Amino acid sequence: MTAAGMDGEVFAGAGGPGTDLAESPVNDPREQEELQMQTPQGNPLLLSHTLQELLSKDTVQVELIPEKKGLFLKHVEYEVSSKRFKSSVYRRYNDFVVFHEMLLQKFPYRMVPALPPKRMLGADREFIESRRRALKRFINLVARHPPFSEDVLLKLFLSFSGSDVQNKLRELVQGVGDEFMTCQLASRAKDFLPSDIQTQFAASRELIRNIYNSFFKLRDRSERIASRAIDNASDLLIFGKELSALGSDTTPLPSWAALNNSAWGTLKQALKGLSVEFALLADKAVQQGKQEECDVVEKLNLFLDLLQSYKDLCERHEKGVLHKHQRALHKYSMMKKQMMSATVQNKEPESMEQLESRIVEQENAILTMELRNYFSLYCLHQETQLIHIYLPLTSHILGAFVNSQIQGHKEMSKVWNELKPKLSCLFAGPNNMPTPSLSPPEGNFFSN
């Protein structure tokens, strides 16, 4: 990513002072003090985005296209359409994989959402649909992420219509270096970090871990609620069909059983048409379940994907740059001990020069690791802010859930109320005299 791209999107208000600050290190204490006294608008560490601004960056649709048979396997393809780039391209799962790899290579210190798993054989429709949804969440999170949204990798993936998109993606990253190498402020990251960054990082990580655990449970329950609505639809449909089957029964009625009572014929006539109303009730229940899957479960999954990418980033920071930094320090310590031992033993000047050269190289490696460690924390600080910008999504999810429940119950209640008058003939005795109402008194139905 170019520094201009970073300044224009990620670093709110860093276009003027931030660019100048990047040109040379700050050694003067007065300059350090001036940096600390800058307003938030001039601090390149702070993000100024709102949730609405992030969501409006782009909307990407991922739809299945008819499967094409290869020599041995069926290959699933997706039509990926970007509102921002006004583009529509065809992508396969492996294209997403290469795009994901290039993002991680170029932005190792940013939240790169995970891809859904690849399944070679026996991929049923349910799995394919689940993966399509996951790919849609992935690409939308990437398209709305401030640094990624301005990068050429994203534009190429969403708009390049050639057949060799994977090679094109690799060419964009090859020889360019990661974000640390291309960002002008990378070597200055420490200057913008709070002094207690490690404490803040630990607290933020714990908070987001707790948020993830709670949202995971919310997603699980919302899935069960949506699933119950769909199961309820199936039961209502079968209930109506059984009533209709009962009304359509053609078994002859013996005269000695019916005598002069025509109740069975009247009941059959009324029951025959009830499957229509119950089918309508089932349809309403399915609509509610599907609506909750789309507006509630998927939004929860989107937020969980984002939170998981933050957890993955924290692990990369600890197991990657931080671990390498500690390993470089250990190696440096061993070299110094070796140097002291060589001095005591009065080794030849040539071997001492080689050892000194190695120590200098290791010192440079340690310096680079230290700079990368601070840049990683710098990015983590921004990614933490991004999580908190997404937190108001909770109100969107709850609103969608409440509206779905209200609308679903309202529409089903309307059908139930329309069904009730049609049952009146079921409660008419001989000569149309009324029999027990639809609401029998409390107590044992068979008492007395």
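A pocket is an open set of grid points where a 1.4 Å probe fits, with protein on both sides within 12 Å along at least five of seven lines. The exercises below concern a predicted model.

**Exercise 1.** Determine the volume of the largest pocket and describe its lining.

*Solution.*
Step 1. The volume of the largest pocket is about 710 Å³.
Step 2. Its lining comprises 26 residues, of which Ser130, Arg137, Glu223, Glu298 and Asn301 are the closest to the centre.
Step 3. Two or more lining residues come from each of helix 6, helix 12 (197-247) and helix 15 (274-344). Helix 15 contributes the most, with 9 residues.
Step 4. Sorted by character, the lining residues are 11 nonpolar, 4 polar and 11 charged.

**Exercise 2.** Establish how helix 6 and helix 8 are oriented to each other.

*Solution.*
Step 1. Helix 6 spans residues 125-143 and helix 8 spans residues 152-159. They pack at an angle of about 140°, and their axes lie 11 Å apart.
Step 2. Angles over 145 degrees count as roughly antiparallel, and those from 65 to 115 as roughly perpendicular. The angle of about 140° belongs to neither class, and the two helices are therefore oblique to each other.
Step 3. The crossing of helix 6 and helix 8 is left-handed.

**Exercise 3.** Identify which residues make the contact between helix 6 and helix 8, and classify them.

*Solution.*
Step 1. Helix 6 supplies Ile139, Val142 and Ala143, while helix 8 supplies Leu154, Phe157 and Leu158.
Step 2. The classification of these contact residues gives 6 nonpolar, no polar and no charged.

Conventions
Residues numbered from 1 in each chain as written. Predicted model: local features only at pLDDT ≥ 70, side-chain atom pairs only at ≥ 80, totals over all residues. Heavy atoms only, no water. Axes fitted to C-alpha atoms, helices over the stretch in contact; angles between N-to-C directions. Helix = DSSP H or I, 4+ residues; strand = E, 2+ residues; numbered from the N terminus. Parallel < 35°, antiparallel > 145°, perpendicular 65-115°, else oblique. Left-handed = near helix turned anticlockwise from the far one by under 90°. Contact = heavy atoms within 4.5 Å. Nonpolar A, V, L, I, M, F, W, Y, C, P; charged D, E, K, R; others polar. 1 Å grid on protein atoms, 1.4 Å probe; cavity = no way out; pocket = protein on both sides within 12 Å on 5 of 7 lines; lining within 4 Å. Points joined across faces, edges and corners; volume = space filled by probe spheres on them.
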